[in-house]
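Let's take a walk through a protein structure together, starting with the whole and ending with a few details of the backbone. Keep the structure open beside you as you read.

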Amino acid sequence: MTQTLDYEPNMVLATETFNVVGTRPIRHDGADKVTGRALYGADFDTAGLLHGHILRSPHAHARIKSIDTSAAEALPGVLAVVTNADFTSDADGVVDFGEGATSLKWLRDNVLASDKVLYRGHAVAGVAASNPHVAEEAVQLIDVQYEVLPPVVTVEEAMADGAPILHDDLKTEELGEQTDKVSNVAQHFQHKKGDTAKGFSEADVVVEREYRAKTVHQGYIEPHNATALWNTDGRLHIWCSTQGAFTVRDAMAQMLEMPVSQIRVIPMEIGGGFGGKIPVYLEPVAALLSRKTGQAVKILMSRADVFEASGPTCGSWSRVKIGAKSDGTITAAEVELACEAGAYPGSPVGAGAMCALAAYDIENGTVDGYDVVVNKPKTAAYRAPGAPNAAYAVEQAVDELADDLGMDPIELRLKNAAKEGTRRVDGPTFNKVGLVETLEAMRDHPHYSAPLGENQGRGIAIGFWFNIGFDSAVNLAVNADGTVSLTEGSTDIGGSRASIAMQAAEVLGIAAEDIRPTVVDTDSIGYTAVTGGSRTTFATGWAAYEAAQSVKQQMIERAATIWDVEADSVEMADGVVQSKSDPELSMTFADLAGQLGRTGGGITGTASVNPSGVGGSFAGNIVDIEVDPETGKTDVVRFTAFQDVGKAIHPSYVEGQMQGGSVQGIGWALNEEYYMNDDGGMVNSTLLDYRMPTSLDLPMIDTVIVEVANPGHPFGVRGVGEANIVPPTPAVANALRDAIGTRLYETPMNSVAITAALAANED
Amino acid sequence: MPAKTYVQSIINGEHVDFLCEPRQSLLEVLRDVVGLTGTKEGCNDGNCGACTVELDGRIVTSCLVLGVEAEGKEITTIEGVAEGSTLHPLQQSFLENAALQCGICTPGFIVAAKSLLEHNPDPSEHEIRFWLANNLCRCTGYDKIIRAVQDAAVKMQEA
């Protein structure tokens with residue numbers, strides 16, 4: 001029953017405790033990262049390094065008539081120029097990196113345009129020179145003749161009759177059927193459950209609205225970078241900051257038509273990604289330049305390049321219709337979600353559509369999704385891609401429903417909450433999920449009943465993200481001093497060396513600090529998928545668990561050999577190996593480790609996993625905002641983030657994920673957008689004008705970790721990286737409605753929009 | 001290629017001479033000429049703070065300072081914050097408070113926060129947020145960074 005929780009800024013509602021799992025050790029890579037020693041991609045150097053620069057399109061949409069590189073090639077200091085023509089063969093075929101299939105031609109065209117440029121900033125040519133400034137000068141000497149075409153930059157423009165067409169060969173896939181219709185709509189699909197007409201006829205209250213979310217960027221502080229060396233033996237080496245070294249290897253193998261074994265990707269430290277550092281942009285260009293020059297070539301993006309030619313995530317249009325009985329039972333819901341794919345098909349609309357109604361147990365529902373190409377950079381994943389767009393719409397509509405019903409918005413959500421056994425509108429049935437527990441924690445948190453000040457409003461919202469499994473590998477080696485070396489292929493973007501090492505430590509009964517984790521290159525570990533999809537602590541952690549179980553068993557067997565007893569009479573717990581029956585036979589993990597060399601040799605454990613049993617994660621927010629009635633300036637004055645994480649391996653870094661995702665969502669809600677001019681160019685491609693939240697814009701971000709163990713993981717882990725960005729945009733919108741009495745249906749809900757709403761209130 | 005200028009400076013307490021082109025920023029010189037890559041580039045136009053260094057006692061974004069301007073100046077970078085093998089209390093506090101995720105902004109934050117605590121040993125939360133507002137972090141939402149600075153301030157005053 002309702003019971004107010006005692007306030008603490010960061011709470012962990014733990015259901016199970018362990019020795020190492022759930023503690024907060026200092027991360028293994030910490031010392032390097034606070035002293036400046038950690039080497040990120042841009043820090044890489046090697047003998048004879050050349051510097052590359054990319055020529056980018058000044059037009060959002062144009063046909064390339066000709067490219068003349070001769071003047072650039074003649075500039076002293078320039079060693080090579082490449083264009084799309086330097087790819088070895090005509091592109092044909094389809095490639096699939098697990099994020100959806102795309103054509104090889106489009107993949108190549110996005111890194112070096114061939115017949116058309118499709119966004120301002122689209123790469124057209126690359127130059128390698130002895131000095132970065134010379135390379136920059138040289139690209140200005142490349143003469144490209146364009147036939148400029150009219151751009152379309154929103155889904156509504158792109159879907160309109162008579163809209164300029166980006167791809168003459170792109171034909172709409174309509175409800176699973178390939179049509180002959182050439183349009184900017186790559187795909188229209190529908191999820192359907194029950195009978196919405198019947199459901200709406202049973203509703204006492206129906207809300208129907210349209211919503212727009214603007215294009216936003218992941219905003220990682222480290223720009224993209226890549227260094228390539230095409231060695232004389234034919235092997236290609238790539239040093240870069242990526243979320244997935246093996247994904248880069250796969251992409252390079254496809255684009256350059258090479259066997260994967262000819263490519264070695266060395267993941268450098270990565271300065272943020274949030275999904276945006278999964279695609280390759282610079283790597284293929286650096287590789288082509290290295291092949292031409294025989295030397296290593298490094299290319300760095302500028303901040304403007306990052307905005308104009310990498311990421312972003314989609315802007316969207318959506319419509320929601322939702323109906324409920326007077327007791328609050330939701331009877332039907334319809335969602336339409338149209339997402340920008342950017343220049344090539346493949347927006348996050350698929351995931352967004354699957355998440356749209358996932359939080360609700362709804363009898364009758366449809367979700368229609370539209371994947372729409374526009375003249376913006378090809379969208380990349382961004383933290384629960386597509387889900388915030390859907391939640392911005394659905395969670396506002398549900399809030400409006402609560403208003404109309406006169407119900408508390410948390411109670412309305414609790415009444416209709418998805419739980420174990422609920423079948424989603426898009427088909428799958430939920431395993432154990434923690435939405436109810438998350439909503440109860442929100443209801444019981446003192447924040448929810450705290451008084452509000454003048455000009456303040458409070459909003460809540462919830463959100464869902466699936467999380468993924470995929471391949472991960474871990475190798476362990478026992479050292480003679482009782483420590484264990486751990487090698488893994490998951491780039492550490494926010495403390496995952498620690499969260500992976502801790503799972504091995506838990507199994508072996510040793511301290512987290514006694515595991516020495518290292519992230520290694522693609523020659524040195526089994527296939528490991530991206531650090532993304534909230535999968536790393538779940539899946540690579542699982543590999544660490546399995547590898548540690550192998551080590552544990554071998555240690556037990558070794559002790560049994562030494563003691564000349566049966567292995568099944570020996571056990572290992574809390575870092576001690578001992579006989580189950582004879583208390584004289586006992587030694588520590590470290591003592592046994594020291595004897596391995598003379599008792600049969602070293603012990604290693606290895607595991608490659610592709611776990612099912614992924615547990616989806618629900619998040620919720622309570623947010624208080626204060627609006628200055630004169631200027632419309634909105635301050636977030638209190639924010640509490642809730643999330644069912646299954647089990648927090650390292651709670652500090654789980655809180656960090658929740659806080660970071662929340663603040664990205666706040667930025668999306670209040671400030672961030674791609675501001676486009678009439679020519680289809682981004683006007684605000686600097687960090688001054690693309691205004692991400694600063695420390696001064698924010699309060700502390702309180703967290704409540706809800707732990708509803710995922711039965712599909714040995715420690716109950718769910719992914720935690722993404723669900724937290726889903727609720728903030730609607731939660732802020734709902735708080736604004738509470739503060740100013742008007743609902744805004746479009747991001748960013750900035751001072752311009754708010755002053756307009758306030759003025760309309762006065763009329 | 002433009003002629004290079006001979007520059008003498010003191011970096012992290014050591015006399016450092018270097019040659020640099022007039023167009024090279026201090027950030028570029030530190031990273032590519034002197035080899036101190038702990039100072040990071042996030043935007044190259046003064047808006048992210050990742051390249052923050054101390055120049056004659058004031059924090060600057062080194063991307064907006066020319067290398068030649070370092071003549072006769074004293075510069076402290078992230079590599080000069082620890083005392084030998086002993087971390088500065090801020091560095092220790094960032095680790096204990098999990099105040100970094102990817103770590104790319106961390107050098108700039110630590111250099112800026114060190115300067116804050118030298119100017120104001122007991123800052124309020126608002127003063128910390130104001131001082132660090134030119135340093136962008138996209139991972140943490142700043143919460144743990146602010147707490148790390150508060151924690152370091154307490155420990156430094158106790159010391």
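The paragraphs below go from the overall picture to single residues.

What you are looking at is a predicted model. Its scores are ipTM 0.98 and pTM 0.98. For chain B, the mean pLDDT is 97, and 99% of the residues reach 70 or more.

Let's begin with chain A as a whole. Chain A is built from 20 helices and 31 strands. Its C-alpha trace spans about 85 × 75 × 50 Å along the principal axes. A compact globule of 763 residues would have a radius of gyration near 27 Å, and chain A agrees with that, at 27 Å. Of these 763 residues, 60% count as buried. If you look at contacts in chain A with a separation of 6 or more, 79% of them join residues 24 or more positions apart.

Next, turn to the place where the chains meet. Chain A brings 42 residues to the contact and chain B brings 43 residues. On the chain A side, α1 (30-35) and α18 (651-670) each supply at least two residues. The largest share of that side comes from α18(A), with seven residues. By character, the chain A side divides into 18 nonpolar, 18 polar and six charged residues.

Now for the strands. One open sheet in chain A has three strands in the order β7-β3-β9, with antiparallel pairing. Why do β7 (116-117) and β9 (143-148) of chain A each have one side without a neighbour in the sheet? Both stand at the edges and have a single partner strand each, so one side of each is left free of a neighbour there. Between β3 (residues 62-68) and β7(A), the antiparallel pairing runs over two bridges. You can find one pairing by looking for Arg63(A), whose bridge partner in β7(A) is Lys116(A).

Strand β17 (residues 297-300) of chain A makes another good stop. It pairs with β2 (residues 50-56) of chain A in parallel, through three bridges, and His51(A) stands opposite Lys298(A) of β17(A). With β14 (residues 225-230) of chain A, β17(A) pairs in the antiparallel sense over four bridges; here Ala226(A) stands opposite Ile299(A). Are the faces of β17(A) covered or uncovered? Both are covered: Val297(A) and Ile299(A) on one side, and Lys298(A) and Leu300(A) on the other, are all buried.

From there, move to helix α19 (residues 728-740) of chain A. Its 13 residues reach 18 Å from the first C-alpha to the last, close to the 18 Å expected at 1.5 Å a residue. The helix is mostly covered, with 12 of its 13 residues buried; among them are Val732(A), Asn734(A), Leu736(A), Asp738(A) and Ile740(A). What do the buried residues of α19(A) pack against? Their partners are β13 (205-213), α11 (387-405), β21 (456-465), β29, α18 and α20 (751-762) of chain A. Here α18(A) appears again, the helix with the largest share of the chain A side that touches chain B. Just after α19(A) comes Gly741(A), with a positive phi near 80 degrees.

Continue into the loop between α19 and α20 of chain A, where Pro748(A) is found. The peptide bond from Thr747(A) to Pro748(A) is cis, with omega near -10 degrees. A cis bond also joins Gly311(A) and Pro312(A), with omega about -20 degrees; Pro312(A) lies in the loop between α9 (303-309) and β18 (316-324) of chain A. For context, most peptide bonds are trans, and most residues other than glycine have a negative phi.

The loop between β21 and β22 (472-478) of chain A holds Asn467(A), and Phe470(A) has its place there too. Phi is positive in Asn467(A), near 75 degrees, and in Phe470(A), near 70 degrees. Asn467(A) counts as buried because 23 C-beta neighbours lie inside 10 Å, and Phe470(A) is buried with 21 other C-beta atoms within 10 Å.

Our last stop is Val614(A), in the loop between β28 (604-609) and β29 (617-627) of chain A. It is buried, with 23 other C-beta atoms within 10 Å. Val614(A) touches residues including Phe466(A), Asn467(A), Phe538(A) and Gly712(A). Val614(A) and Pro711(A) are 97 residues apart in sequence, yet their C-alpha atoms are 8.9 Å apart in space.

Note on methods. Residues are numbered from 1 along each chain as its sequence is written. Chains are lettered from A and ligands numbered from 1 in the order in which they are written. This is a predicted model: local features need pLDDT of at least 70, side-chain atom pairs count only at pLDDT 80 or more; totals for chains, interfaces and linings use all residues. Two residues are in contact if their C-beta atoms, placed from the backbone, lie within 7 Å. Ala, Val, Leu, Ile, Met, Phe, Trp, Tyr, Cys and Pro count as nonpolar, Asp, Glu, Lys and Arg as charged, and the others, Gly among them, as polar. pLDDT is the predictor's confidence in each residue, from 0 to 100. Two strands pair if DSSP finds at least two bridges between them. A residue is buried if 20 or more other C-beta atoms lie within 10 Å of its own, exposed if 12 or fewer, and partly exposed in between; C-beta atoms are placed from the backbone. The radius of gyration is taken over C-alpha atoms; the globule rule is 2.2 Å times the number of residues to the power 0.38. The expected span of a helix is 1.5 Å times one less than its number of residues. Lists of a residue's contacts leave out its neighbours within four places in sequence.
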